[in-house]
Each structure stands twice: as structure tokens, then as C-alpha cells.
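Me: I'm new to this structure and would rather see one part properly than skim the whole thing. Please pick a spot where aromatic rings meet and walk me through it and what surrounds it.

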Amino acid sequence: MDRNPRRGLLLGGLAALGILAVLFVVVGAGRVVDQLVAADRRLVVASFGLALCWLLAWSIMLRTVLGSLDVSMSVFTAFLVYAGAVFANNVTPFGQAGGEPVAAALISRVSGSRYETGLVGIASVDVLNVVPSISLVFLGVGYYATTTAVGERLSVAVAVAVGLITAIVTVIGLAWRFRRRVVARLPAGVAGLLGRLDRFDPDALEARLTERLRNFFEDIERVGTSPGRLAAAVGLSLSGWVFQAAALTVAFAAVGHQVSPAIPLFVVPLAYVAGATPLPGGLGGIEAAFVALLVPTTGVPASTVTAAVLVFRGAVYWMPVAIGGVSASALGVRAMR
């Protein structure tokens, strides 16, 4: 890691710690610690178990998508690879956008496939996860609105999430629609810019970028021509979101409060919008987003909500970081051998 990425990661980590420190001060650190100490250990373990089910579901989803690209992988290897991908996402800024290149390299090393194929595989998983998340947000908010008045904070969060997702989908759609122009013009522009440096040969760089972009779009087309696999992948994505929502529901039960399962169903995908920040895996920002959304929707005290969120984030953030860090190291060493 060179100096600039290391500096960015350090600054992002410090910012995350600062946000968490402010959150603890606002809600009362002592009360949060008391709630965590008194938490039901069996339910905490159950929350972690549900998080493992989420990780497994999305690992099989990655395996399904890669299968449409003629990349075969066992379920166990897919689990380790996806855990490594989650690890990369959780330790780099801007969430998936920061971790996808690392995840693609890991897939390429383990499977022996092209880097572009690995990138299409992990990017397809991230894009397909958007479809069930939007559905859960609208269904969950709709159900919540039938029993409780929707507050301004929730309305703003939904609007921001939908706007951001719409913008991302629009950019992806335009890139796909004009993919031939992208392949024809983008490599020349990048090569011309980098060619000013003595380390790059503009002609060779342009040819290599053109080939990689062409392979990238061809692999996307292959994913789109497997409707059965796409349907299975979306189903696995939905099950993963449900497992995460269940893990959050159980985390609340662990700290002594029952909440309607409908609330985590839409709060979980909504809060993850905060992951698109220059923080490592959205650390700090996502926790604050969860608290901001859950306090008014559940009516539970802020300190208790924070304790439940910390249990949940331990299951879906820190546990995958531990598993993924080990698996990324092990798979990288095995692939090199």
C-alpha cells in the first residue's frame, strides 16, 4: 500500500472513530455499556448465527453469478472468497466501490479467471442486491405507515436512498447503452492522460485498456443471458437481506426490547446508504444512521438502540472482517502457490 491510500485509510479510520465517539457522548456511553454487559448472551450468539446465514446466502449468490461466467467454485471456497470480498469492502473507503477491485483480484487468483470476469462477478452481486433492497424499503415503509405516522426523518432517508440508487442505476444504464463508445473513446483518453508520465507507453496502455473493457462488457452480457441464474441470485439476495433484518431484530431482543420485524426490514437497507462515504466500510456513519432511523421508528431509548446496533454491527461488520481477513490471506497464499 503506497502512502496516499494508507493516508486515506488512516484519515477515514480516525473520522469513523470520531463519529462513534460523538455518538457515544450523545446517547450516553455508560448506559450503552451497561446494556451490552446485561445483554442475553444466547441471543447475541443467535444474532451472530443469523449473520453467518446472510454471509452464506450471498456467498452462494456470488457462486451462482460466477457460474453464468463459466467460473466454477465450491460452496466452501465461495464462502471464503465472499468473506474476503466483504473484508475488502469493510476496510476500504466508499464501501463496495473501494473494495470491489480487491475482491475481483481475489476471485481471479482463486479461480484462475480473468480479472475482468472477477470484477463483473462481484459487481453483479452488488447491483443485484439493489433490487430486493428497494423492494424491502418500500414494502417495509408501506407497512409501517399503516400503523404509525411516517416522520420527516424517515421520509428524508427514503428520498435520499431512492435518489442515490436512481443516480447509480442511471449511470450504469448509460454506460451500458453507450458501451461501444466507452470502449472506443475511454482508453484513448486515459492513455493520453497517463502517457504524460514516463512510466507508461500510451499505445500499449490504450490497447490493454481497450481489451479489458471489451472483455468486461462481454462478461456482463453473459450474466444477462442466464435468466434462471439471475432469478436464483435475486432470491438469494433477498434471503440475505432477511437474515440481516432478523439478526437486528434478535439483537434488540438481546438487550431486552422487542421490535416489529417489519422495521429492520426497511431500516437495514436504508442505513447502508451511509456506506457510500469515505469511511472504511461506512464505519461510524452506518452506526449513526441506524440509531437515527431506529430511535423514532421503534420508540426505544437511544442508549438501548445503540447497544442493539453495536451487537448487530459486531455480527455483520466485525465478524466478516475477522473471517474475511483470514480467508483473504489464506486464499491469496494458496493461489500464489
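Reply: Let's start with tryptophan 241, which is buried, with a relative accessible area of 9%; buried means under 20%, exposed means over 50% and partly exposed is in between, using a 1.4 Å probe and protein chains only. Before going on, note that this is a predicted model, where local features need pLDDT of at least 70 and side-chain atom pairs count only at pLDDT 80 or more, while totals for chains, interfaces and linings use all residues. Residues are numbered from 1 along each chain as its sequence is written, and side-chain values use heavy atoms, with hydrogens and water left out.

Searching the whole structure turns up six aromatic pairs. For a pair, ring centres of Phe, Tyr or Trp (its six-membered ring) lie within 6.5 Å, and planes under 30 degrees apart count as stacked, over 60 as edge-to-face and the rest as tilted. One of the six is the tilted pair of tryptophan 241 and tyrosine 272, with 6.1 Å from centre to centre and 55° between the planes. Tryptophan 241 sits in helix α11 (residues 227-254) and tyrosine 272 in the loop between α12 (262-271) and α13 (285-298), so this pair ties together parts that are 31 residues apart in sequence. The helix names come from DSSP runs numbered from the N terminus: helices are H or I with at least four residues, strands are E with at least two. Tyrosine 272 is partly exposed, at a relative accessible area of 22%.

Next comes phenylalanine 290 with phenylalanine 312: their ring centres are 5.4 Å apart and their planes at 75°, so the pair is edge-to-face. This one also links distant parts of the chain, with phenylalanine 290 in helix α13 and phenylalanine 312 in helix α14 (residues 302-336), 22 residues apart. Phenylalanine 290 has a relative accessible area of 0%, so it is buried, and phenylalanine 312 is buried as well, also at 0%. Put it all together and Trp54, Trp58, Trp241, Tyr272, Phe290 and Phe312 form one aromatic cluster.

Now for the helices that carry these rings. The 28 residues of α11 should span 40 Å at 1.5 Å a residue, and its end C-alpha atoms are indeed 40 Å apart; the expected span is 1.5 Å times one less than the number of residues. After α11 comes glycine 256, with a positive phi near 95°. For α13, 14 residues should give 20 Å, and its end C-alpha atoms are 20 Å apart, which agrees. Its buried residues are Gly285, Ile286, Glu287, Ala289, Phe290, Val291, Leu293, Leu294 and Thr297. Glycine 299 follows α13, again with a positive phi, near 75°.

What do these rings pack into? The largest nonpolar core has 70 residues, and those with the most contacts inside it are Tyr82, Phe252, Phe290, Leu294 and Phe312. Such a core is a set of buried Ala, Val, Leu, Ile, Met, Phe, Trp, Tyr and Cys residues joined through side-chain atoms within 4.5 Å. Leaving aside residues up to four places away in sequence, leucine 294 touches Leu248, Phe252, Ile263, Val267, Gly299, Val305 and Val309, where contact means heavy atoms within 4.5 Å. There is also a second, separate core of six residues, including Ala16, Leu20, Leu279 and Tyr317. As background, nonpolar side chains tend to be buried together in soluble globular proteins.

Charge turns up here too. The whole structure holds two salt bridges, each a side-chain nitrogen of Lys or Arg within 4 Å of a carboxyl oxygen of Asp or Glu. In one of them, arginine 313 meets glutamate 287, with the closest N and O atoms 2.8 Å apart. Arginine 313 is in helix α14 and glutamate 287 in helix α13, so this bridge ties together parts 26 residues apart in sequence. Arginine 313 counts as buried at 3% relative accessibility, and glutamate 287 is buried with a relative accessible area of 3%. The side chains of aspartate 40 and arginine 42 also meet in a salt bridge, at 3.6 Å from N to O. There, aspartate 40 is partly exposed at 25%, whereas arginine 42 is exposed at 68%.
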